[in-house]
Amino acid sequence: MGDKLKILVSGDVRGKFKSLMKRVSSVNEKSGPFDYLLCVGDFFGPSDDEWNMLKSGKIEVPITTYVLGPNDVEHTVKYSDINGCELCPNISYLGKRGVFTTSNGLRIAYISGKSDGLSDCSFSESDVTCVRDVCLKGQANFKGVDVLVTSSWPQDISKFHDKADKDLPVGSHLLSWLSAHIKPRYHFSGLHDKHYERSPYKNESAQGDTSQHNTRFLALASVGNPTKQKWLYALSIVPMEHMRASELYQGTTDETMSPFSGLVRLSNPRGVQEKSTQFFYDMNASSDSRRGKRGRNDDGGQERKKRERPVFDQEKCWFCLSSPQVEKHLVISIGTEAYLALAKGGIVDDHVLILPVTHHQSTAEASQELLDEIERFKEALKKMCSKQKKAVVFYERNYKTSHMQIQAIPIPENATRELREVFQDCAQAEGFELDELPKHAKLDQIAGAGVPYFHVELPSGDKLYHRIRKNFSLNFGREVLASGPILNKEGAADWRDCKQDKEDECALVKRFRAAFSPYDFTLE
């Protein structure tokens, strides 16, 4: 079994940030450290006084915090990007809906808002269907997700629970359907100022098989509620992918049958039957699905003998700017922390790299100063390419490379429409999946030090991530972009097939530098 993660979950905060953070700090000191704080229900309240104190640092945020979106129109102005954003240091809004995978493999599905319309503070059938599809896509042996967080309750949650109160909220049928399909081990909700902890219920498969794991549903009251109902829950959990089947499927004496019996056989919440019970699975995926084949103690090498991390000599590094190994004629622009260079054997003529001036392994281990300057280079490249009717794809492969390299590859604007799907399809063909990250999630929170990964940032702002285990194609990013739907340059997947002589490289650098200079912040 892998290492446990420790998580705190809070009910509606409603602007009581002082009480929330005081309690969280106390629990963290006594029983922590905790990895994350998740907040369901209403995060903001009628007053901004304590929110301003929190933003200014007068109220400390002790652990990384993720919150759901608004449930009332008046709160939408608090969210600068309704699809996900950082609200203040150490507090991020996950987004309207999606699946967030931590560096340890914990999968957290989320749905923001109420089920009552099409506004920014509500969710719809398309939202829950999208989350279901993201969870199941390419996983022939899908078991479930670890955690589901929603503000609203699922409908009929108290069914078969004899000890349930009689005045519980009605809840959303959409969330009942979603829960039946993605089978969370824990489901947390808020919004109704009610603490309710249901007996575990046994999930069922589309074939009616009930030899599945249990789900525990917990609704939490609001922070500092007058009746002193429970509003903070501490959870210690091992990611599902690291558990033995005997542990995952272990029952309890108080478990019940699923209150959502039969919903898993419906392909959509409206009640239309699936034509095939395997409609959403990749039937061509390898039987081990790459993820499930690992031994029970293989948590990315947790129990393997740790190797000493090599110390790299900057004098011998091909990319450290002070190294004599650097091909200086490829350098386009130099900042304080990062520099821009033409890619050797670029997939297109304006394929460039953003690299740190000194030695850094990956974005996940970079300083904030370096990350800030990388973002400035990205924004400058986007502006330049926009004038040329192009969009930029940025990706990083932290695998079998010693110096951080962010590939920046311009593609035609009309090729962006299917870009996400092409990446997902190519990943499935290779036997792995790309997880969607919240737009403002930071890689150092997702991938720990030394964790190999592939990360791509699409022109839409979507970020896809894969924690590399083994047998990952070094040319995966190039292969996707070189494919027919995008650049249609099948012969350019390997940089060695695209090498040019030094004279041609110098001409490309000169041309690119001239086009980039109006946007080059290093010249200011």
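Start at alanine 341, which sits in strand β16 of this predicted model. Setting aside its neighbours within four places in sequence, alanine 341 is in contact with Leu330, Val331, Ile332, Val352, Leu353 and Leu355. Take leucine 353 from that list: 12 residues separate it from alanine 341 in sequence, yet the two C-alpha atoms are 5.3 Å apart in space. Is alanine 341 buried or exposed? Its relative accessibility is 6%, and because buried means under 20%, alanine 341 counts as buried.

Now step back to the whole chain. It has 10 helices and 22 strands. Of its 524 residues, 56% are buried. The accessible surface adds up to about 23900 Å², and carbon and sulfur atoms account for 46% of that. Among contacts with a separation of 6 or more, 71% are between residues 24 or more positions apart.

Next, have a look at how two of the helices meet. Helix α6 covers residues 368–387, and its axis comes within 10 Å of the axis of α10, with the two crossing at roughly 90°. An angle of 65 to 115 degrees counts as roughly perpendicular, so that is the label for α6 and α10. Which residues of α6 and α10 meet? From α6 come Phe377, Ala380, Leu381 and Met384, and from α10 come Phe512, Ala515 and Phe516. Sort the residues of this contact by type and you get seven nonpolar, no polar and no charged.

Charged side chains turn up in another setting, the salt bridges. How many salt bridges does a search of the whole structure find? The count is 28. Some are joined up: Glu375, Lys378, Glu379, Lys382 and Glu457 are linked in a salt-bridge network.

Helix α10 comes back into the story with a salt bridge between aspartate 349 and arginine 511, where the closest N and O atoms are 3.4 Å apart. Aspartate 349 is in the loop between β16 (338–342) and β17 (352–356), while arginine 511 belongs to helix α10 (residues 502–516), so this pair ties together parts that are 162 residues apart in sequence. The loop partner, aspartate 349, counts as partly exposed at 43% relative accessibility. Arginine 511, at 53%, counts as exposed, because the cut-off for that is over 50%.

Another salt bridge pairs aspartate 127 with arginine 97, again with 3.4 Å between the closest N and O atoms. Here a helix is linked to a strand: aspartate 127 is in helix α3 (residues 125–136) and arginine 97 is in strand β6 (residues 97–101), 30 residues apart. Aspartate 127 is buried, with a relative accessible area of 10%. For arginine 97 the relative accessible area is 30%, which makes it partly exposed.

Finally, go to the side chains of arginine 14 and aspartate 193, which meet in a salt bridge at 4.0 Å, N to O. Where do the two partners lie? Arginine 14 is in the loop between β1 (5–10) and α1 (17–31), and aspartate 193 is in the loop between β9 (186–189) and β10 (196–197). That puts the partners 179 residues apart, so the pair links distant parts of the chain. Both ends are partly exposed: arginine 14 has a relative accessible area of 27%, and aspartate 193 has one of 28%.

Key: Residues numbered from 1 in each chain as written. Predicted model: local features only at pLDDT ≥ 70, side-chain atom pairs only at ≥ 80, totals over all residues. Heavy atoms only, no water. Helix = DSSP H or I, 4+ residues; strand = E, 2+ residues; numbered from the N terminus. Buried < 20%, exposed > 50% of the residue type's maximum accessible area, 1.4 Å probe, protein only. Axes fitted to C-alpha atoms, helices over the stretch in contact; angles between N-to-C directions. Parallel < 35°, antiparallel > 145°, perpendicular 65-115°, else oblique. Contact = heavy atoms within 4.5 Å. Nonpolar A, V, L, I, M, F, W, Y, C, P; charged D, E, K, R; others polar. Areas by Shrake-Rupley, 256 points an atom, 1.4 Å probe, with all protein chains shown as cover.
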